[in-house]
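Here's a quick tour of one structure, going from a hairpin to the core, the main pocket and a few backbone oddities. Have the viewer open as you read.

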Amino acid sequence: NAGTEADVYISVYGERGDTGSRQLLKSQKPKKFLKGQTDKFAVEAVHLGHLYKIVIGHNGLGSGNGWFLDKVVIKDPITDLDYTFLCHRWLDQGQDGGNIVRELTVTDASTFPGRQELELKRDKTWAAEKWKFQEGNTLQFYNRLTHGFICLSPDSRVDALGDKKNKYGKVFFTWMCA
């Protein structure tokens, strides 16, 4: 019961826009969306540039409309890149949260523009900030609502009484909580 007879729709999003909702009509297989089957569809659209997400779902009609979707792979014929969107979840009103529509982000982030730049920034930020998380340091979070501090001690204790003063002299990490 992992296949579906419902009408399936997809919207593809890229750096230059989206396709809008498109029904997946003609598979290369005689019967589409069967358990364990890989279906292939051609979707005509303007070139969207690098893809970053899809929204896929069905209309919930028909007998046995629940559907287990493993993944979606989109091949860009212009750039010859493959974009993989992992789901591995049910699109079923009676299972897995009851959603019949899922928003999926690209899994192979190496195709996403700027990935290397983002990873470099993350690494530099972690290199500059990791000392705060070394053994023996106390983290303090400032709560704007109570105007007090919440302290996370090295021995895993949490002081959430909201003291009005900074007990430890230094704030290693400040998080403004509303």
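## The E8/E9 hairpin

Let's start with a hairpin in this predicted model. Strands E8 and E9 have four residues between them, and in this hairpin His147 takes a positive phi near 55°. The two strands run antiparallel and are joined by five bridges, with E9 covering residues 148–152. If you want one pair to look up, take Asn143, whose bridge partner in E9 is Gly148.

How covered is strand E8? Mostly: four of the five residues in this strand, which spans 139–143, are buried.

## The main nonpolar core

Next, the greasy part. The largest nonpolar core is made of 19 residues, and Ile54, Ile56, Leu69, Val72 and Phe85 have the most contacts inside it. Two or more residues come from each of strands E1 (8–14), E4 (51–58), E5 (67–75) and E6 (82–91).

Val72 is a handy place to centre the view. Setting aside neighbours within four places in sequence, Val72 is in contact with Ile10, Ile54 and Ile56, and also with Tyr83, Thr84 and Phe85.

## The largest pocket

Now for the empty space. The largest pocket holds about 1,200 Å³, and its lining counts 37 residues. Val72 turns up again here: along with Asp39, Phe41, Val73 and Ile74, Val72 lies nearest the pocket's centre.

Which strand gives the most to this lining? That would be E5, with nine residues. E1, E4 and E5 each supply at least two. Sorted by class, the lining has 22 nonpolar residues, seven polar ones and eight charged ones.

## Positive phi at Asp80 and His88

A bit of backbone background first: most residues other than glycine have a negative phi. Asp80 is not a glycine, yet it has a positive phi of about 65°. You'll find Asp80 in the loop between E5 and E6. Is Asp80 buried or exposed? Its relative accessibility is 52%, so Asp80 counts as exposed, the cut-off being over 50%.

His88 is another case, with a positive phi near 50° in a residue other than glycine. Unlike a loop residue, His88 is found in a strand, namely E6. Because its relative accessibility is 54%, His88 also counts as exposed.

## Asp96 in the E6–E7 loop

Last stop: the loop between E6 and strand E7 (101–105), where Asp96 lies. Asp96 comes in at 31% relative accessibility, and therefore counts as partly exposed.

What does Asp96 touch beyond its neighbours within four places in sequence? The contacts are Arg89, Trp90 and Arg102. For a sense of the fold around this loop residue, try Phe68: Asp96 and Phe68 are 28 residues apart in sequence, while their C-alpha atoms are 9.9 Å apart in space.

Note on methods. Residues numbered from 1 in each chain as written. Predicted model: local features only at pLDDT ≥ 70, side-chain atom pairs only at ≥ 80, totals over all residues. Heavy atoms only, no water. Buried < 20%, exposed > 50% of the residue type's maximum accessible area, 1.4 Å probe, protein only. Pairing = 2+ DSSP bridges. Core = buried A, V, L, I, M, F, W, Y, C linked by side-chain atoms within 4.5 Å. Contact = heavy atoms within 4.5 Å. 1 Å grid on protein atoms, 1.4 Å probe; cavity = no way out; pocket = protein on both sides within 12 Å on 5 of 7 lines; lining within 4 Å. Points joined across faces, edges and corners; volume = space filled by probe spheres on them. Nonpolar A, V, L, I, M, F, W, Y, C, P; charged D, E, K, R; others polar.
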